[in-house]
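Q: I am new to this structure and would like to look closely at one part of it, beginning with a place where two elements meet. Please take your time and show how that place fits in with what lies around it.

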Amino acid sequence: MKEIDAETGSLPGVTDTGLWRLVVEIGSSWLGAWLNRVGAGDNAPDGGDGTDSGASLRRVARAQWDSGADCLHCVENAVYDNPAILDDYEADIVLTTTRYLAVPRTWADSDELSVAAYSAVYGETPEEDLFADDLGEYAVLYTLHPGLKPFVQRTFAGARVCCHAVRWARHCLPKCEAGCDVFANFASRMLDVMLCIDGRVVSLSTRLAANADEALYHIANACRAAGVETCDAALHIGGDDNAGDVADKLMPFVCSLSRMKYRDTVVPAAVALCAYR
């Protein structure tokens with residue numbers, strides 16, 4: 001496992017858990033952790049012109065590992081090797097994954113239905129590994145690494161756990177208007193797309209996209225799958241510089257286009273939304 005610096009030493013008072021809020025992102029081959037001073041930018045996830053660097057948000061740990069490694073073991077090492085993560089902070093845990101499935105909310109009340117539905121799409125998955133988040137009329141079932149859920153529950157007792165795409169989608173939903181809204185977030189070669197009609201979620205997906213052309217294809221495909229012409233869709237897009245390329249390419253073909261900007265532009269969108277909630 002490749003371990004990269006922990007930065008708590010430069011933060012005066014960082015051990016005062018009443019002054020800082022912890023956000024941990026866990027992905028398929030990485031972990032990142034940040035501390036945000038309580039009250040710094042709360043309830044302000046959008047950053048005006050998008051140039052706010054989020055001065056109150058500080059990374060305290062980052063780890064990466066090979067895709068073939070024992071992921072749970074690598075997550076455990078990343079956490080235990082960085083004691084700041086284990087302090088008694090108010091915490092949000094963001095799981096960044098493509099392995100999620102939206103089902104009717106009533107299904108999430110049944111372990112049997114949840115496991116059957118998820119396993120039918122992603123292969124046999126035990127109930128103890130399955131997370132669920134609410135999103136409108138749906139429940140979103142998701143997992144990342146076998147054994148991760150019990151580890152998170154033991155290590156971060158009381159923390160709020162969310163799927164990155166659900167946290168982002170909840171932020172987008174209030175921006176819906178009548179007709180078709182397509183929301184996209186493209187950063188670090190990962191594309192989140194949500195399509196809504198009259199404020200109702202029709203589809204939500206996360207895909208890998210190597211470049212703007214691949215992202216454009218997936219956005220257009222989401223419209224086709226929903227029976228929507230891109231010329232009838234309002235596109236809302238955020239992310240890194242590549243998102244700007246996607247916006248430029250799609251601008252002639254959509255009904256309207258707006259750029260989504262987050263309070264902190266140098267961390268994943270879901271991390272910023274949790275930190276500045």
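A: In this predicted model, A212, D213, A215, L216 and I219 of helix α6 meet N242, D245, V246, K249 and L250 of helix α7, where contact means heavy atoms within 4.5 Å. Helix α6 covers residues 212-225 and helix α7 covers residues 241-250, both helices (H or I, at least four residues) and strands (E, at least two) being DSSP runs numbered from the N terminus. The two helices pack at an angle of about 55°, and their axes are 9 Å apart; axes are lines fitted to C-alpha atoms, for helices over the stretch in contact, with angles from 0 to 180 degrees between N-to-C directions.

Residues are numbered from 1 along each chain as its sequence is written. Local features need pLDDT of at least 70 and side-chain atom pairs pLDDT 80 or more, whereas totals for chains, interfaces and linings use all residues, and side-chain values use heavy atoms, without hydrogens or water.

Helix α6 also lies across four strands, namely β10, β11, β12 and β13 (233-239), and runs at about 25° to β11. These strands belong to an open sheet of 5 strands, ordered β12-β11-β10-β13-β14, in which the pairing is mixed; two strands pair if DSSP finds at least two bridges between them. At the edges of the sheet are β12 (200-208) and β14 (256-260), each of which pairs on one side only. From one strand to the next, the twist averages 15°. Strand β11 (residues 190-197) runs antiparallel to β12, to which 8 bridges join it, and within this pair M190 stands opposite L208 of β12. Helix α5 (residues 164-172) packs on the sheet as well, where it touches β10 (180-187), β11, β12 and β14, and the direction of α5 makes about 45° with that of β11.

For orientation, a second sheet can be traced elsewhere in the chain. This open sheet has 3 strands in the order β6-β8-β7, with antiparallel pairing. Its edges are formed by β6 (100-104) and β7 (131-135), each with a single partner strand, so one side of each has no neighbour in the sheet. Neighbouring strands here are turned by 30° against each other on average, if direction is ignored. Between β6 and β8 there are 5 bridges in the antiparallel sense, and L101 stands opposite L141 of β8. Helix α3 (residues 111-122) lies across β6 and β8, at about 140° to β6.

From β8 (138-142) the chain can be followed into the loop that comes before α4 (148-155), and in this loop lies H145. Leaving aside residues up to four places away in sequence, H145 touches I26, G27, S28, W65, C71, L72 and V75. One of these residues, I26, falls within strand β2 (residues 20-26), which pairs with β3 in the antiparallel sense over 7 bridges. The two strands β2 and β3 form a hairpin with 3 residues between them, and the bridge partner of L22 in β3 is L35. Strand β3 is in turn joined by 7 bridges to strand β4 (residues 57-64), and these two run antiparallel; here the bridge partner of W34 in β4 is R59.
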